Amino acid sequence: MNRLLRYFSVFVMLFVAVALVSAQESESIRGIHKVKRKETIFGISRMYDISIEQLIKANPQMNEPDFELKKGMELKIPYANQSQTPVQPVQPVAKEVQRSDMKGRAIKLGVMLPLHDINGDGRRMVEYYRGVLMACDSLKKQGVSVDVHAWNAAEDCDIHQLLTDKAAANCDLIIGPLYSKQMDALSDFVTKHDIRLVIPFSINAPQLASNRNIFQIYQTETDVNESTIGHFLERFKGYHPVFIDCNDSTSKKGVFTFGLRRQLEQRGISYNVTNLKSTEDNFTKSFSTTQPNIVILNTGRSPELGIAFSKINGMKVKHPELDITMFGYKEWLMYTRTHLENFYKYNTHIPSVFYYNPLSPVTQRLQQKYFANFHTDMQNALPRFALTGFDQAFFFLKGFHKYGKSFNGAAGMFGYPPVQTPLQFERYGNGGLRNKMLMFVHYKPEHMVETIKF
């Protein structure tokens, strides 16, 4: 354990002082401030006797996760509320109020993940944690202060021993664990100390059903399939479904295709089933000439997808009038080097809980910053772990800063354009909150990609 702990210090602190002036915000702009070298958001707000929130409201671009205050930038300065009362000396505040109000103090964030370089779990979580730190740095530029404490919660560690650290009990929010066997202790701990717990990855966490302090980000395949089928039926009304049997005995996509076919039958929607080995004539007969066709394969593998595109391309040469849209699986997001042109050509829709866009300016900037800060590139994985950490930390810390402990991650609580992973939570019975966000990654024929969030 001591050797593992040497890889990371027990805690990393990021802190910037935040002072908020109590004043009603005004829509009127009284002037423009040109940013000088070494000026800060905090200093500019004090200069004009306004709050940081007023300054950000007048300059919405400051809400962007990659915003940086730069010399020469012009900021709109709103009028301060003239009825503002004089600032009174700070009075002691009850501990309960201090813990729930996070606008005027640092948010105390704990990270309990395997932070080491011993195996793949550790290296992936180190990258995720670095993304968390980058989110804290971006939020600091917006006046959000964060104290970060990190513990190496390796698979063989005694989680009870980590929880004896006094800093753990003072956390507002803990991200972790990675292993299901650590859930019992952490669930009891966050209940006892009224701490919110974010489970960032796929582990078995039955405590979600009874513990209202838990946020679970991972969605099960069953949940994703049910949601996907519902949105498929809504988006592709009036389409003729064509299911292609790809003869893949290892595929597990039959659960989805069977569920979709059952729902189509219950609604009286006709569909056809064909096979990759079907003759050209029989294959073509499965497609409608009067309706747009939506094609669903029963495998997520690349070789079979390539054969399917080859047959469809050959068919389109003889029957250019056929209107064809492809409906895929998240694995297809890894096949863009091979199949990107066909994705565009056939208006492909891929259901996913994330989308890594390497061409996005925000993605590129974060990747550049990651290399500059840590002298290495992000791992070539989908989704990118550092971007996952960035999105999750930014989402929760921004929410806690605005709403305190009442933040529940529901739709519309604040605007945050995710870099890779959108988040939206719903209450799970009388227990915690589960992420329910799903999107279609849509490759449009005009060579554009859009994400359609649900």
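**Entry 1: strand β4**

I count two strands as paired if DSSP finds at least two bridges between them. Helices (H or I, at least four residues) and strands (E, at least two) are DSSP runs, numbered from the N terminus. This is a predicted model, so I ask for pLDDT of at least 70 for local features and 80 or more for side-chain atom pairs, while totals for chains, interfaces and linings use all residues. Residues are numbered from 1 along each chain as its sequence is written, and side-chain values use heavy atoms, with hydrogens and water left out.

I looked up the partners of β4 (residues 107-113). With strand β5 (residues 146-152), β4 pairs in the parallel sense over seven bridges; leucine 113 has asparagine 152 in β5 as its bridge partner. With strand β6 (residues 173-175), β4 pairs in the parallel sense over three bridges, and there valine 111 is matched with isoleucine 175.

I also checked the burial of β4: six of its seven residues are buried (under 20% relative accessible area; over 50% is exposed, in between is partly exposed; 1.4 Å probe, protein chains only).

**Entry 2: helix α9**

Next I went to valine 224, which is placed in helix α9 (residues 221-235). Valine 224 counts as buried because its relative accessibility is 16%. I found that it touches Gln219, Val353 and Leu438, leaving aside residues up to four places away in sequence; contact means heavy atoms within 4.5 Å. The C-alpha atoms of valine 224 and methionine 437 are 9.3 Å apart, with their positions 213 residues apart along the chain.

**Entry 3: aromatic pairs**

My search of the whole structure gave 30 aromatic pairs. Rings of Phe, Tyr and Trp (its six-membered ring) pair if their centres lie within 6.5 Å; planes under 30 degrees apart are stacked, over 60 edge-to-face, the rest tilted. Phenylalanine 232 and phenylalanine 327 are edge-to-face, at 5.0 Å centre to centre and 85° between the planes. This pair links helix α9 to strand β12 (residues 324-327), 95 residues apart, and both phenylalanines, 232 and 327, are buried.

Phenylalanine 309 and tyrosine 346 are stacked, at 6.0 Å and 15°. Phenylalanine 309 is in helix α12 (residues 302-318) and tyrosine 346 in the loop between α13 (336-345) and β13 (349-352), so the pair ties together parts 37 residues apart in sequence.

**Entry 4: a charge over a ring**

Last, I noted lysine 311, whose charged end sits over the ring of phenylalanine 283, 5.0 Å from its centre. The test is NZ of Lys or CZ of Arg within 6 Å of the ring centre and within 35 degrees of the ring normal.
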